[in-house]
Amino acid sequence: TGDTRTVEASLPPRRTAMIGRSADVHSAGRLLAETRLMTLVGWGGIGKTTLAIEIGPAHPGPAWFVDLTAVRSDEEVGTLIADAITLPGVGGTPIDRIVDRLIGVSGMLIVDNCEHVIEGVASMVSALMDRLPDLRILATSREPLRLRAEQVYPVGSLDADPDGAAHQLFIVRAEAVRPGVTDGVDAESI
């Protein structure tokens, strides 16, 4: 069994600025403190990943981020999660590797982009929750995992007013790609 006192976390840096989501960070974070499983649900590109990365570190203990974008089958889900939390290639089943590493650890697992392997994620999450009572799980998906313990948090669109959060985020993203591109552009012309 792994030494749980030395468990390391692995959160990526935020991909974009956190704009217009402070109420969501507060609300979803408060709800996640009361449940062990939450899924941020919304259409692609709406900001679920950025929101999850913002919420994750607010909870006590280490947090791990697992991006499932490249996973091609439900069977690969457990291996990818185990490799993110433990040493890749270590023997044993993925669930046993994770449990050996995290037993007694109060931490958070963020599982991102679940929609294309929803059954595999639901199965793995269910097994982890059964065996690791101190683990919280935050998932992002275009649809819920449909597990009994799941708290679904719908992620809606940003305010699209000319001075709203959607406009501000557009400016930030455009400037990140091509600095100066928005110089002299007013809100009405976008």
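**Stop 1: helix 4 and helix 5**

Start by selecting helix 4 (94-102) and helix 5 (118-131) in this predicted model. Their axes lie 11 Å apart and the two helices pack at an angle of about 35 degrees. The crossing is right-handed.

Now show the side chains where they meet. From helix 4, pick Pro 94, Ile 95, Asp 96, Ile 98 and Val 99; from helix 5, pick Met 124, Ala 127, Leu 128 and Arg 131. Colour them by character and you will find seven nonpolar residues, two charged and no polar ones.

**Stop 2: Leu 128 and the core around it**

Stay on Leu 128 for a moment. Setting aside neighbours within four places in sequence, which residues does Leu 128 contact? They are Arg 36, Ile 95, Ile 98, Leu 109, Leu 135 and Ile 137.

Next, widen the view to the largest nonpolar core, which has 30 residues. Select Ile 81, Ile 98, Leu 109, Val 121, Leu 128, Ile 137 and Leu 145, the members that touch the most others. Two or more residues of this core come from each of strand 2, helix 3 (76-85), helix 4, strand 3, helix 5 and strand 4. Helix 5 gives the largest share, with seven residues.

There is also a second, separate core, made of 16 residues. To find it, select Leu 40, Ala 63, Met 108 and Leu 138, which are among its members.

**Stop 3: helix 2**

Move on to residues 48-55, which form helix 2. How many of its eight residues are buried? Seven are, leaving this helix mostly covered. To see them, select Lys 48, Thr 49, Thr 50, Leu 51, Ala 52, Ile 53 and Ile 55.

Then bring in what covers them. The cover includes helix 1 (22-34) along with four strands: strand 1 (37-41), strand 2 (63-67), strand 3 (107-112) and strand 4 (135-141).

**Stop 4: Leu 32**

From that cover, go to helix 1 and select Leu 32. Is this residue buried or exposed? Leu 32 counts as buried because its relative accessibility is 0%. Beyond neighbours within four places in sequence, Leu 32 is in contact with Met 38, Ile 55, His 59, Met 108, Arg 136, Ile 137 and Leu 138. One of these, Ile 55, is a buried residue of helix 2.

Add Tyr 153 to your selection as well. Along the chain, Leu 32 and Tyr 153 are 121 residues apart, while 9.6 Å separates their C-alpha atoms.

**Stop 5: Gly 61**

For a contrast, look at the loop between helix 2 and strand 2 and click on Gly 61. Gly 61 has a relative accessible area of 48%, so this glycine is partly exposed. Not counting residues up to four places away in sequence, Gly 61 touches Ser 106 and Gly 107. Try the distance tool on Gly 61 and Gly 107: their C-alpha atoms are 4.6 Å apart, although their positions lie 46 residues apart in sequence numbering.

**Last stop: the whole chain**

Finally, zoom out and colour by secondary structure. The chain has six helices and five strands, and from start to end they follow the order α-β-α-β-α-α-β-α-β-β-α. Of its 190 residues, 42% count as buried.

Switch on the surface too: about 9900 Å² is exposed, and carbon and sulfur atoms supply 52% of that area. As for contacts between residues at least 6 apart in sequence, 77% join residues at least 24 apart.

Notes: Residues numbered from 1 in each chain as written. Predicted model: local features only at pLDDT ≥ 70, side-chain atom pairs only at ≥ 80, totals over all residues. Heavy atoms only, no water. Buried < 20%, exposed > 50% of the residue type's maximum accessible area, 1.4 Å probe, protein only. Contact = heavy atoms within 4.5 Å. Areas by Shrake-Rupley, 256 points an atom, 1.4 Å probe, with all protein chains shown as cover. Core = buried A, V, L, I, M, F, W, Y, C linked by side-chain atoms within 4.5 Å. Axes fitted to C-alpha atoms, helices over the stretch in contact; angles between N-to-C directions. Left-handed = near helix turned anticlockwise from the far one by under 90°. Nonpolar A, V, L, I, M, F, W, Y, C, P; charged D, E, K, R; others polar.
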